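Welcome! Let's take a friendly walk through some surface features and charged pairs, one question at a time.

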Amino acid sequence: MMLSPDQAADSDHPSSAHSDPESLGGADAKVLGSVSDLEPVEDAEADGKGGSRAALYPHPQQLSREEKRRRRRATAKYRSAHATRERIRVEAFNLAFAELRKLLPTLPPDKKLSKIEILRLAICYISYLNHVLDV
């Protein structure tokens, strides 16, 4: 963080070093509240050359919806629950393919088919049944 000439002169005085609410840390920050509760401070860095600490470390209430979602999804509890839901979904998916496979005629009847083969065979079988009904 670059200091303007005015701020550089003020930084020599230890009493002014803690007058900026954003530079406070630890117990002092708890007494004053969060950075978002304070009114914005006009200073020489407002020209865009320097960034404020609040911009680098936003208060949880200032996070975007997407950032909140990313943080929630990063927890071990969420990942574990998601993995369980995904496992149940894949098992249901595989059961549906097994049921469809039982309805399709193949030689030999117990031949192991991939999912794409089951789908292609089902399409052909349905079109064959439609043809039989039309005749």
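A residue counts as buried under 20% relative accessible area, as exposed over 50%, and as partly exposed in between. Keep in mind that this is a predicted model.

Q: Is Glu66 buried, partly exposed or exposed?
A: The relative accessibility of Glu66 is 36%. Partly exposed covers the range between under 20% for buried and over 50% for exposed. Therefore Glu66 counts as partly exposed.

Q: Which residue does the side chain of Glu66 meet in a salt bridge?
A: Let's look along helix α5, which spans residues 65-73. Glu66 and its partner both lie in this helix, 3 residues apart, about one turn of the helix. The N to O distance is 3.0 Å, and the partner, partly exposed with a relative accessible area of 28%, is Arg69.

Q: Where do Glu67 and Arg71 lie?
A: The side chains of Glu67 and Arg71 meet in a salt bridge, at 3.4 Å from N to O. Glu67 is partly exposed at 25% relative accessibility, and Arg71 is partly exposed at 47%. The two residues are 4 residues apart, about one turn of the helix, and both lie in helix α5.

Q: Which residue is linked with Glu67 and Arg71 in a network of salt bridges?
A: Glu67 and Arg71 already meet in a salt bridge. They also belong to a network of salt bridges. The residue linked with them there is Arg70.

Q: How far apart are the closest N and O atoms of Glu99 and Lys102?
A: Both residues lie in helix α6 (residues 76-103), 3 residues apart, about one turn of the helix. A salt bridge needs a side-chain nitrogen of Lys or Arg within 4 Å of a carboxyl oxygen of Asp or Glu. Glu99 forms a salt bridge with Lys102, and their closest N and O atoms are apart by 3.5 Å.

Q: Is Lys102 buried, partly exposed or exposed?
A: Its salt-bridge partner Glu99 has 47% relative accessibility and counts as partly exposed. Lys102 has a relative accessible area of 63%. Exposed means over 50%, so Lys102 is exposed.

Q: How many salt bridges does the structure hold?
A: Among them are the one between Glu66 and Arg69 and the one between Glu99 and Lys102. The structure's total of salt bridges is 5.

Q: What is the accessible area of the nonpolar patch formed by Tyr128, Leu129 and Val132 together?
A: Val132 lies in helix α7, residues 115-134, and counts as partly exposed at 42% relative accessibility. Tyr128, Leu129 and Val132 form this patch on the surface, and their accessible area together is about 280 Å².

Terms used. Residues are numbered from 1 along each chain as its sequence is written. This is a predicted model: local features need pLDDT of at least 70, side-chain atom pairs count only at pLDDT 80 or more; totals for chains, interfaces and linings use all residues. Side-chain values use heavy atoms; hydrogens and water are left out. Patches are made of residues with over 30% relative accessible area and no salt bridge: like charges are joined within 9 Å, nonpolar side chains (Val, Leu, Ile, Met, Phe, Trp, Tyr) within 5 Å. Accessible areas come from the Shrake-Rupley method with a 1.4 Å probe; for residues, only the protein chains shown count as cover. Buried means under 20% relative accessible area, exposed over 50%, partly exposed in between (1.4 Å probe, protein chains only).
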